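Me: I'm new to this one and would like to learn how to read it. Could you walk me through it, feature by feature?

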Amino acid sequence: MKGEIEPDRYVVFGNHRDAWSLGAVDSVSGTVTLLEVTRVIGQMYKDGFRPRRSLMFCSWGAEEYGIIGSTEYVEEYVKVLGARVVSYLNIDAPVQGNYTIHVKASPMLFDIIVEASKMVLSAYDPPNQTIYDKWMKSHWNNITNKPKIRYGLGSTSDYYAFNQLVGSSNFDAAYQFNPADHGNIDMYPLYHTSYETFSMVKNFIDPDFTAHRTIAQFIGVLGLILCETNILPFNVMRYAIAFKQLLNKIEQNNIDFAILRNAINDFEKAANDFVTRSKPLNIENPYEIRAYNDQLLQLERAFLNPLGQGLDYPDYKHVIFVPAKTNQYSASGFPTISDAIVGGNQTEINQEIAIIVYFIRGALSTLKEFDKFMA
Ligand SMILES: [Zn+2]
């Protein structure tokens with residue numbers, strides 16, 4: 001759906017339509033969610049709505065066979081997508097339960113995801129309770145007083161090529177069951193089996209399909225905010241905070257992290273200055289907004305290392321959040337440093353720290369004023 005003001009900026013929704021077997025949850029719960037978002041925004045369009053940025057609705061094939069469909073699409077159009085995609089919103093198996101939401105995303109999207117969650121009513125809860133209220137009850141961070149969002153996306157769904165090749169700031173979410181009710185298992189037990197059937201969903205997961213409706217509203221609202229807001233609702237400060245948390249996790253006495261700590265401090269200062277500069281932006285001046293938004297788009301892209309993680313893993317290009325060699329399933333922070341620490345070779349550890357410093361310094365230069373990027 002072509003945008004009216006910024007047609008060359010894309011907000012992308014995507015779901016894979018193939019499945020291991022019958023796939024009522026993975027991926028049919030996502031396919032119907034994508035169709036519902038498409039139906040509603042299509043109706044809005046008939047009623048006169050014209051998006052500011054372009055919206056793309058993608059139905060992928062062959063995800064279960066190695067994420068082939070979305071990866072080949074991204075590889076073929078990587079120059080176009082690398083220049084233009086704002087965010088990729090992944091809808092894989094979004095209804096695995098009916099209790100609360102789980103979210104994985106780029107730190108840049110943290111605040112806007114929380115805002116979107118306040119606009120949608122929770123499924124199977126008393127009236128007026130939003131998914132934010134329920135989320136805070138079940139995944140609350142007692143230090144920040146905010147809900148918990150897992151930073152970074154792994155390598156096991158269609159966000160993969162958008163993270164590693166496009167470099168957009170991406171999102172994935174699912175409605176989950178309450179693990180406390182089910183022996184603290186962390187995955188719905190019928191995952192990828194022949195028992196993923198319509199009757200299983202109807203009888204056990206979402207009897208009146210309100211979790212499906214809720215997740216569609218949540219992802220739809222988030223996509224529309226990303227599409228319609230003049231100044232992109234990305235928060236660069238969240239990366240500064242994330243860096244500090246990641247450093248705390250990997251820091252140990254026998255390794256010198258001083259250059260990394262300095263780079264993170266400089267990043268924080270550049271991010272702070274950048275946010276301050278947004279205050280007097282003239283929103284009547286489209287060029288001013290566009291220039292500022294382009295800086296917001298460039299930041300995440302600045303974390304892509306064209307060489308990836310060397311010869312073994314050349315496709316893992318995002319240097320901050322990507323699976324480590326020692327943990328392939330989910331994304332971890334500074335994976336190349338933690339892999340080197342596991343390896344125990346001091347020279348290699350120093351080398352990996354230096355590479356991360358290079359990328360953080362490269363990224364902070366994209367946030368600076370146009371005539372002062374070297375300062
Ligand atoms: Zn799937």
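Reply: Happy to. Let's begin with a cut-off: a residue is buried under 20% relative accessible area, exposed over 50%, and partly exposed in between. Pro314, at 37% relative accessibility, therefore counts as partly exposed. Keep in mind that this is a predicted model.

Me: Where does Pro314 sit in the chain?

Reply: Look in the loop between helix H11 (286–301) and strand E9 (321–324). To get a feel for distances, take Pro314 and Arg52: they are 262 residues apart in sequence, and their C-alpha atoms lie 36 Å apart in space.

Me: Now the sheet. How do I read one, and in what order do the six strands run?

Reply: The general idea is that strands of a sheet pair through backbone hydrogen bonds, either parallel or antiparallel. Here the order is E2-E1-E3-E8-E4-E7, in an open sheet with mixed pairing. Strand E2 (53–60) and strand E7 (150–151) are the edges, each pairing on one side only.

Me: In which sense do strands E1 and E3 pair?

Reply: Parallel: strand E1 (residues 6–16) and strand E3 (residues 85–90) are joined over five bridges. If you want a spot to look at, find Val12, which stands opposite Tyr88 in E3.

Me: What about helices? How many residues of helix H6 are buried?

Reply: A handy general rule is that an α-helix has 3.6 residues a turn, so residues three or four places apart point the same way. In helix H6 (residues 159–166), seven of the eight residues are buried, so the helix is largely enclosed by the rest of the structure. The buried ones are Tyr159, Tyr160, Ala161, Phe162, Asn163, Gln164 and Val166. After H6 comes Gly167, with a positive phi near 85°.

Me: You mentioned phi. Which residues other than glycine have a positive value here?

Reply: As background, most residues other than glycine have a negative phi, and most peptide bonds are trans. Ala62 goes the other way, with a positive phi of about 55°. Ala62 lies in the loop between E2 and H2 and is partly exposed, at 25% relative accessibility. Asn128 also has a positive phi, near 75°. Look for Asn128 in the loop between helix H4 (110–117) and helix H5 (131–138); with a relative accessible area of 66%, Asn128 is exposed.

Me: And where is there a cis peptide bond?

Reply: Between Asp26 and Ser27, where omega is near 25°. Ser27 belongs to the loop between E1 and helix H1 (28–46).

Me: On to charges. How many salt bridges does the structure hold?

Reply: There are 16. To spot one, look for a side-chain nitrogen of Lys or Arg within 4 Å of a carboxyl oxygen of Asp or Glu. Try Glu6 and Arg290, whose side chains meet at 3.6 Å, N to O. Glu6 is in strand E1 and Arg290 in helix H11, so this pair ties together parts that are 284 residues apart in sequence. Glu6 is buried, at 5% relative accessibility, while Arg290 is partly exposed, at 23%.

Me: Which residues share a network of salt bridges with Glu6 and Arg290?

Reply: Asp8, Arg9, Arg52, Arg53 and Asp294 are linked with them in that network.

Me: Can you show me another pair?

Reply: Sure: Asp125 and Lys134 form a salt bridge with their closest N and O atoms 2.9 Å apart. Asp125 counts as partly exposed, at 22% relative accessibility, and Lys134 as buried, at 9%. You can also look up Glu369 and Lys372, which meet at 3.7 Å, N to O. Glu369 is partly exposed, with a relative accessible area of 35%, and so is Lys372, with 43%.

Me: Let's finish on the surface. Which residues form the patch of negative charge?

Reply: Glu72, Glu75, Glu76 and Asp315 gather there. One of them, Glu75, is in helix H2 (residues 68–76) and is partly exposed, at 48% relative accessible area.

Me: And which residues make up the nonpolar patch?

Reply: Trp20, Tyr65 and Ile68, with about 340 Å² of accessible area together. Ile68 is found in helix H2 and counts as partly exposed, at 36% relative accessibility.

Key: Residues are numbered from 1 along each chain as its sequence is written. This is a predicted model: local features need pLDDT of at least 70, side-chain atom pairs count only at pLDDT 80 or more; totals for chains, interfaces and linings use all residues. Side-chain values use heavy atoms; hydrogens and water are left out. Patches are made of residues with over 30% relative accessible area and no salt bridge: like charges are joined within 9 Å, nonpolar side chains (Val, Leu, Ile, Met, Phe, Trp, Tyr) within 5 Å. Accessible areas come from the Shrake-Rupley method with a 1.4 Å probe; for residues, only the protein chains shown count as cover. Lys and Arg count as positive and Asp and Glu as negative; His and the chain ends are not counted. The place of a charge is taken as NZ of Lys, CZ of Arg, CG of Asp or CD of Glu. Helices (H or I, at least four residues) and strands (E, at least two) are DSSP runs, numbered from the N terminus. Buried means under 20% relative accessible area, exposed over 50%, partly exposed in between (1.4 Å probe, protein chains only). Two strands pair if DSSP finds at least two bridges between them.
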